[in-house]
Amino acid sequence: MHVINDHPILKFERGRKVQFYHDGKLMEWYENDPIAVALQANGVKILSYSKRFHRPRGFFCAIGKCSSCFMRVDGLPNVRTCITPLREGMRIETQHGIGEFLEDTPSDVIDQLGQPLIVETEVLVIGAGPAGLSTCLEAADLGCQVTLVDESLELGGQLIKQTHKFFGSSEDFAGIRGVKIAEILREKLIPYTVSGKLTIFSNTSAIGYYAKEDVVLCTQGEKRIILIKPKAVVVSSGAMEKLIPFSGNDLPGVYGAGAVQTLMNVYGVLPGKKVLMVGAGNIGLIVSYQLLQAGVKVAAIVELAPRVGGYWVHASKVQRLGVPILLQHTVKGAVGEKQVEGAWIQQVDEEGRFVGAEKFVDCDTICLAVGLTPTVDLLWQAGCEMVYVADLGGYVPKRDWTLRTSNPKFWIAGDASAIGEATTAMLEGRIAGLSVSKALGKVSESFFKNKCEEYWTRLNELRMAETCERLRKGLQFALSGNFPITVQSSEEKSQIFNEETYADAFDKRTVQSIIPPMDLWKKRKGGLVIIECPQRIPCDPCHVSCPTGAILPFQNINDLPSVDYSKCTGCAMCVAACPGLACFVADMTGEQAILKLPYEMSPIPKEGNVVACLDRSGRELARSKVRKVQEPRRDRTFVVHVQVPKELVMLVRALKVIEDE
Amino acid sequence: MNDKIFVCRCEEITIEELRMCIKMGFTSFNELRKILRVGMGPCQGRGCRELVLKEISKATGVPVHFLSVGTFRPPSKPISFGQIAKMNVCDVRIFESQKNV
């Protein structure tokens, strides 16, 4: 089956079940989910056949950007089925080549098209992801009349697909799952929509800027045109998954990572049963973990570079569940006639040449997480000065420190300005919203300056992480004009962090550096904390959640956590709070040690269940019985107590429920 | 059947075709667009532009940021004539007249 019924984090609230026809065959799925999702849930992967070679095609991006999901719906050809909601009785047909109307297409297909709408607004925000929603909040709060257009069916952009807890500062959203952040932002918007300060058009794509008429052309649900005449435009249109060349890279089953997330985390439909992940940046690592949560096997993660690009803690999370990360490897070809039935991978050398033998990977899905390209079409159309910065993801607009582009009518925020992450996107959205308000005369110069500096200070701090080096470098080429606050670059690297540790978790030296003091450890009932967080990333929930002050405050949010063990009671609040699942507690006072491990998988173990105790690379070291299961923060991160021999305390880091026993 | 490596999914342009054309001397995105239709499909180059530019860069030795990226025209996504036909010419005039005020 392709449907997720049991998920450790998410509950799928599905609408009414309706019937529809796919090529004449009756099928069922839930109303208002995208058509492409309904088909995937019914096992249909081929949506169309290409026009030149008549090759089968599935969807790729699932966010309405790539147009690979065209089908004929109720007689209307070229409908983007990944963002078109399912309705009762819909007739959905596989499209062959260029879309055509049927000879007997009823004329009411045309009549159903709505009358165009003309909207005048002060601020037009394009895209309702973390950046766009924050822009709306800031601008509406400061008194602007705001219109928001978003392509998807649900507001929140990529946030609505994130089951992991966010990093960053606890003052913002650190320690909260992305899905929850989307909810919080949406709730915050309600007062403004009620008061009329904010108008939202969802399922609406902004597809053109006509400079002469000074109007942004939008199309809502492929059904009607909306012409928007704004005083200012904030483009927060996000980014699109990159494609890389390999044979068969157009086969159904080759998906962008975002598409896989949409399918399984928004709609509860599985992309396949076994996945090859391409790319070990944060997205590749996070999506791999999410696949495991949804019950999908991840055959391997291949990464072209000689090191993992994402956070060390994200990599550890998947490695300890047994997913191998193959560095300096890439996908060579997809196998299969109609859909992916496997993949060939091969090693590459320093210069990117293929070396060694090709290896076959048994999989039915190839998930591409090889980077994102900012979506900037509108900015090109608006004549903004653009610059190619590989470190920022491709072509991005030049902007000043108020995030205004060279076309004074256009601002940018979020991934459209530089590929980053959601926490910084939200701050950029704030800056853009503030800056637009300033331009429209809603706020005073001094208010603007103070607030802007405050946002930039926080933004800079978040960008001082080790993993942001490329971003910092790239921004120097994209930011122009007088800049009052320098983008600080942190040359400081963590002492104990060693890139080779990725190969097989920790080396001895690193392990030594995180062992609690032995004399105290032996007698402390309840145990002491072990924090495996060797990389400078912006994150503070371990300190904030610690009730006894044992995890010391951070000077800089990127600092590594330090512990005053004399204050640690082994309460495991940090185990439940750490977004990287990098905190563990071990009680050494008994005959055997008791380990308190974080757990976010299915099924949730119960007291007495037999579990396999896994080491940092997913090898089973022992079997044990679950002593206790807690959910300290009531947020679906469980703390599971297991008993292990004392010599395994620094080795066991994960567990797997043995279902058959 | 899976011998093909695509750089442009929409117009189904393979990497061999692209490299051949670059070899023949078509070394700007606009030239390649005219001869191959890369970037002229429904995604309007969102998926392929960078791959094409990188190939040009590789063949010519010119860094990507010095290459011409071609023209961007609205609309950047397909829109049905039906929707446009519903548009009243006066609607557009409104904007023009406002601009002249």
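The following exercises, each with a worked solution, concern the contact between two chains, the cavities, the backbone and the salt bridges of a predicted model.

Residues are numbered from 1 along each chain as its sequence is written, and chains are lettered from A and ligands numbered from 1 in the order in which they are written. In this predicted model local features need pLDDT of at least 70, side-chain atom pairs count only at pLDDT 80 or more, and totals for chains, interfaces and linings use all residues, while side-chain values use heavy atoms, with hydrogens and water left out.

**Exercise 1. The contact between the chains**

Task: Describe the contact between chain B and chain A, and state which element of chain B gives the most to it.

Solution.
1. Contact means heavy atoms within 4.5 Å. By this criterion, 68 residues of chain A and 48 residues of chain B take part.
2. About 4,900 Å² is buried between the two chains, 58% of it on carbon and sulfur atoms. Buried area is the accessible area (1.4 Å probe) that two parts lose on being put together, summed over both.
3. Between chain B and chain A there are 6 salt bridges, a salt bridge being a side-chain nitrogen of Lys or Arg within 4 Å of a carboxyl oxygen of Asp or Glu. K242(A) and E50(B) are joined by a salt bridge, with 3.6 Å from N to O.
4. On the side of chain B that touches chain A, at least two residues each come from β1 (6-8), α1 (15-23), α3 (49-60), α4 (81-85) and α5 (89-100) of chain B. Helices (H or I, at least four residues) and strands (E, at least two) are DSSP runs, numbered from the N terminus.
5. The element that gives the most to this side is α5(B), with 7 residues.
6. This side of chain B comprises 24 nonpolar, 8 polar and 16 charged residues. Ala, Val, Leu, Ile, Met, Phe, Trp, Tyr, Cys and Pro count as nonpolar, Asp, Glu, Lys and Arg as charged, and the others, Gly among them, as polar.

**Exercise 2. The cavities**

Task: Which residues lie closest to the centre of the largest cavity?

Solution.
1. A cavity is a set of points on a 1 Å grid over the protein atoms alone where a 1.4 Å probe fits but cannot get out; lining residues have an atom within 4 Å of a point. The model has 9 cavities of 30 Å³ or more.
2. The volume of the largest cavity is about 200 Å³, a volume being the space filled by probe spheres set on the points, which are joined across faces, edges and corners.
3. Among its 16 lining residues, T373(A), P374(A), G45(B), R46(B) and R49(B) are the closest to the centre.
4. The lining of the largest cavity has 7 nonpolar, 5 polar and 4 charged residues.
5. The second largest cavity, of about 120 Å³, has a lining of 13 nonpolar, 1 polar and 2 charged residues. C533(A), C539(A), C542(A), P561(A) and C578(A) lie nearest its centre.

**Exercise 3. Backbone and a salt bridge**

Task: Locate the cis peptide bond from S602(A) to P603(A), and explain what the salt bridge between E222(A) and R80(A) ties together.

Solution.
1. The S602(A) to P603(A) bond has omega near -10°, and P603(A) sits in the loop between β30 (593-599) and β31 (610-614) of chain A.
2. Over all chains there are 44 salt bridges. In the one between E222(A) and R80(A), the closest N and O atoms are 3.1 Å apart.
3. Because E222(A) lies in the loop between β13 (215-220) and β14 (224-235) of chain A and R80(A) in strand β6 (residues 76-80) of chain A, the pair ties together parts 142 residues apart in sequence.

Conventions:
1 Å grid on protein atoms, 1.4 Å probe; cavity = no way out; pocket = protein on both sides within 12 Å on 5 of 7 lines; lining within 4 Å.
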